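User: I am new to this structure and would like a close look at a single part of it. Please take one loop and the elements around it, and explain what is found there.

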Amino acid sequence: MTLASRILGIGLLLGVLGLLGWQALASFPLSTWQERLFLPLGLAVAGVIIGIPVLMPGAFVRLGKHARLLLPLLLVTLLEFLIDRFAQDHAGAMYMQPIPIFTFGLLQFTVTAAEAATVLIRVGYAACVTTIVLRVVRERAVGTISTLPGVRSFYLRACVLGLIGWSVPFVAAIVAMLGAALSPDHATVILALFGCLILTWNLLTAALLPAALDERLGFFEALSTGFRVSRIGLGRWWLPVVFQVLLLGLWTYPAWAVDTAHMEDRLDWQVHALWIGGYENHCHWQSDLILALRIRPLGFAHTLLGLLCGIYAVALKLHIAGRLPPCVYFRKSVPPEIISESAERRRSELWAPGQIS
């Protein structure tokens, strides 16, 4: 690790720790019911601490050896906080007014400049981290952004892949909302089917980014490979994927932490559209609990939950990338001399190239 990397890492770590400390001091004293927000935080801590080493022991070891993989997560956390603070500031509020995108029946979709900036940052984060993850798995080395090949092309490809990954949850959410509004008696069935569809889509696209962000492949070949690998390799990573979906709150039921009679109208179980392929780290358990209790959020709990879920997302990508079949892991364009002995061992342990069709 170079001196510049060490300084960057220490600076980002101190920045996030300072942010958490400042948010914690600003949150006290707690108002009524705010202590309930520690419940999803505690579950997330236990889930990440237990889930990563138990479900993904190989990724746990790699993450311990290459802790610099988490530096982009720290940077994104600080950037998103600054954007959020600017949006809440009086001077920045005038630039953060919702802009209508399109209207569909009774539904109107808007976006703010803060949301657009967050999306652009998230796309760059997904492209950067996935590229570094692949390098860690292939070469057991972590490079800086400047040493990564094709970062610009990876960013554009990650944009398109993110658009594809979010398209199904987005369209499904529109259909589910319209169906529930037009047929309230069948709303429960509609939401249950919607949740099953989101879970299935996440399982079928789990390896989309690791397989498709490959500079040795054209876009359409990489896209088809990503879908095929996700489908065929489902048995190798379905459990950590399902665990992450549940951790993020695909299905939530705020009533488990609410016991007051006057809040009965906010205790229905909820289903959320999410796509874990883009390193999703927003925990809906906490946001739904805030709505159910009608309380203000705890800043440090929100930040810490995002960090925990983000760490799990990076570990999951390490797990998936380490279990890609050799026909994806090693392309014919890769000279044999750069394949290390450990990689040859991995080639013999994983699937045969003919299994991907």
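Analyst: Trp33 sits in the loop between H1 and H2. The model is predicted. Phi of Trp33 is near 75 degrees, which is a positive value in a residue other than glycine. Most residues other than glycine have a negative phi, and most peptide bonds are trans. Trp33 has a relative accessible area of 22%. Buried means under 20% and exposed means over 50%, so Trp33 counts as partly exposed.

The loop between H1 and helix H2 (38–55) also holds Pro29. The peptide bond that leads from Phe28 to Pro29 is cis, with omega near 0 degrees.

On one side of this loop is helix H1, and two of its residues can be set against each other. Leu14 is found in helix H1, which covers residues 3–27. With a relative accessible area of 55%, Leu14 is exposed. Leu14 also belongs to a nonpolar patch on the surface, together with Ile10, Leu13 and Leu17. The accessible area of these residues together is about 400 Å². An α-helix has 3.6 residues a turn, so residues three or four places apart point the same way.

Gln23 lies in helix H1 too. Its relative accessible area is 8%, so Gln23 is buried. Leaving out residues up to four places away in sequence, Gln23 touches Phe81, Gly299, Phe300 and Thr303.

Those contacts lead to helix H13, which spans residues 299–321. The largest nonpolar core has 86 residues, and those with the most contacts inside it are Leu69, Tyr279, Val314 and Leu318. Helix H13 gives the most to this core, with 14 residues. For Val314, the contacts beyond four places in sequence are Leu63, Leu69, Leu70, Tyr125, Val129 and Tyr279. In soluble globular proteins, nonpolar side chains tend to be buried together.

The loop between helix H12 (284–293) and H13 contains Arg294. Like the tryptophan described above, Arg294 is not a glycine and yet has a positive phi, here of about 55 degrees. Arg294 is partly exposed, with a relative accessible area of 43%.

To return to the starting point, the loop between H1 and H2 holds Trp33, with its positive phi, and Pro29, which follows a cis peptide bond.

Notes. Residues numbered from 1 in each chain as written. Predicted model: local features only at pLDDT ≥ 70, side-chain atom pairs only at ≥ 80, totals over all residues. Heavy atoms only, no water. Core = buried A, V, L, I, M, F, W, Y, C linked by side-chain atoms within 4.5 Å. Buried < 20%, exposed > 50% of the residue type's maximum accessible area, 1.4 Å probe, protein only. Helix = DSSP H or I, 4+ residues; strand = E, 2+ residues; numbered from the N terminus. Contact = heavy atoms within 4.5 Å. Patch = residues over 30% accessible without salt bridge, like charges linked within 9 Å, V, L, I, M, F, W, Y side chains within 5 Å. Areas by Shrake-Rupley, 256 points an atom, 1.4 Å probe, with all protein chains shown as cover. Salt bridge = Lys/Arg side-chain N within 4 Å of Asp/Glu carboxyl O.
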